[in-house]
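Colleague: I am new to this structure and would like a close look at one part, the aromatic rings and how they pair. Please then go through the charged side chains and any unusual backbone angles, so that I can place that part in its surroundings.

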Amino acid sequence: MSNLTGTYVLDSAHTTIGFVARHAMVTKVRGHFDNFDASFTIAENISDSTAEATIKAASINTNNDDRDAHVRGEDFFDVERFPELTFKATAFNVDNNGNGTVTGDLTIKGTTQSVTLDVDSEGIAEDPFGNTRFGFEGSTKINRKDFGINFNAPLNTGGVLVSEEIKIEIEGSAIKQ
């Protein structure tokens with residue numbers, strides 16, 4: 001891991017923390033968060049590595065103002081009472097290239113659950129400004145009901161309006177400090 005060791009901060013201008021949900025059982029709705037802070041340290045001994053992220057729930061963006069307002073409300077994130085989503089890593093199982101899994105505690109709407117992200121390194125490079133960048137992708141699936149997000153509406157054709165399963169997707173660009 002020596003080529004990756006160090007402390008990194010996610011570059012919010014070049015990182016997407018997003019999600020995918022099924023809508024009306026026939027299509028997918030994608031969204032992302034515009035405001036977040038995240039950093040991680042990759043230690044020579046991988047078990048000593050750390051990662052933390054804080055996401056402002058009100059910064060949700062699905063490209064639909066009405067839907068965003070609904071998701072910010074009590075039916076979903078209840079951002080007035082629970083303004084942040086957080087993640088804190090508890091275990092790293094990655095190879096020397098940065099591929100593998102990162103397990104941690106995800107807190108949404110005041111409820112914490114352990115989740116495991118599959119992570120894939122996209123490489124490390126120096127940008128034109130002299131910054132060392134580490135690119136990666138991460139993903140996991142959660143059941144939103146595990147976090148107390150229970151809203152739904154039945155459909156006349158069967159099924160429900162919003163899937164319980166939510167895919168979380170991260171496309172990250174981190175700058176070495």
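Modeller: Two rings of Phe, Tyr or Trp are called a pair if their centres lie within 6.5 Å; planes under 30 degrees apart make the pair stacked, over 60 edge-to-face, and the rest are tilted. Please keep in mind that this is a predicted model. With that definition, Tyr 8, Phe 40, Phe 134 and Phe 136 form one aromatic cluster.

The whole structure contains seven aromatic pairs. One of them joins Tyr 8 and Phe 40, with 5.1 Å from centre to centre and 15° between the planes, and it is stacked. Tyr 8 belongs to strand E1 (residues 6-10) and Phe 40 to strand E4 (residues 36-42), so this pair ties together parts that are 32 residues apart in sequence. Are these two side chains buried or exposed? Tyr 8 has 0% relative accessibility and counts as buried. Phe 40 has 12% and also counts as buried, because the cut-off for that word is under 20%.

Tyr 8 also pairs with Phe 134: the ring centres are 5.9 Å apart and the planes stand at 50°, so this pair is tilted. Here the link is between distant parts of the chain, with Tyr 8 in strand E1 and Phe 134 in strand E10, 126 residues apart. Phe 134 is buried, at a relative accessible area of 5%. Tyr 8 therefore takes part in a stacked pair with Phe 40 and in a tilted pair with Phe 134.

Now the charged side chains. In general, side chains of opposite charge can pair when their charged atoms come close. A search of the whole structure gives nine salt bridges. Among them is the contact between Glu 169 and Arg 30, whose side chains meet at 3.3 Å, N to O. Glu 169 sits in strand E11 (residues 162-176) and Arg 30 in strand E3 (residues 27-33), so the salt bridge ties together parts that are 139 residues apart in sequence. Glu 169 is partly exposed, with a relative accessible area of 25%, and Arg 30 is partly exposed at 49%.

A further salt bridge joins Glu 52 and Lys 88, at 3.6 Å, N to O. Glu 52 is in strand E5 (residues 50-56) and Lys 88 in strand E7 (residues 84-94), so parts that are 36 residues apart in sequence are tied together. Both ends are partly exposed: Glu 52 has 45% relative accessibility and Lys 88 has 49%.

Strand E11 returns in the salt bridge of Glu 164 with Lys 145, which is 3.3 Å, N to O. Glu 164 lies in that strand, while Lys 145 lies in the loop between E10 and E11, so the pair ties together parts that are 19 residues apart in sequence. Glu 164 is partly exposed with a relative accessible area of 34%; Lys 145 is partly exposed with 37%. In addition, salt bridges that share partners join Asp 11, Asp 127 and Arg 133 into one network.

Which residues form the negative surface patch? They are Asp 118, Asp 120, Glu 122, Glu 137 and Glu 171. Strand E9 (residues 111-126) supplies the largest share of the patch, three residues. Glu 137 comes from strand E10 (residues 132-143), the strand that also holds Phe 134 of the aromatic cluster. Glu 137 has 37% relative accessibility and counts as partly exposed, whereas Phe 134 is buried.

Two backbone angles remain. Asn 63 has a phi near 65°, a positive value in a residue other than glycine. Asn 63 is found in the loop between strand E6 (60-61) and helix H1 (65-72). With 69% relative accessibility, Asn 63 counts as exposed. Lys 109 likewise has a positive phi without being glycine, here near 55°. Lys 109 lies in the loop between strand E8 (100-108) and E9. At 16% relative accessibility, Lys 109 counts as buried.

Note on methods: Residues are numbered from 1 along each chain as its sequence is written. This is a predicted model: local features need pLDDT of at least 70, side-chain atom pairs count only at pLDDT 80 or more; totals for chains, interfaces and linings use all residues. Side-chain values use heavy atoms; hydrogens and water are left out. Patches are made of residues with over 30% relative accessible area and no salt bridge: like charges are joined within 9 Å, nonpolar side chains (Val, Leu, Ile, Met, Phe, Trp, Tyr) within 5 Å. Accessible areas come from the Shrake-Rupley method with a 1.4 Å probe; for residues, only the protein chains shown count as cover. A salt bridge is a side-chain nitrogen of Lys or Arg within 4 Å of a carboxyl oxygen of Asp or Glu. Lys and Arg count as positive and Asp and Glu as negative; His and the chain ends are not counted. The place of a charge is taken as NZ of Lys, CZ of Arg, CG of Asp or CD of Glu. Helices (H or I, at least four residues) and strands (E, at least two) are DSSP runs, numbered from the N terminus. Buried means under 20% relative accessible area, exposed over 50%, partly exposed in between (1.4 Å probe, protein chains only). Rings of Phe, Tyr and Trp (its six-membered ring) pair if their centres lie within 6.5 Å; planes under 30 degrees apart count as stacked, over 60 as edge-to-face and the rest as tilted.
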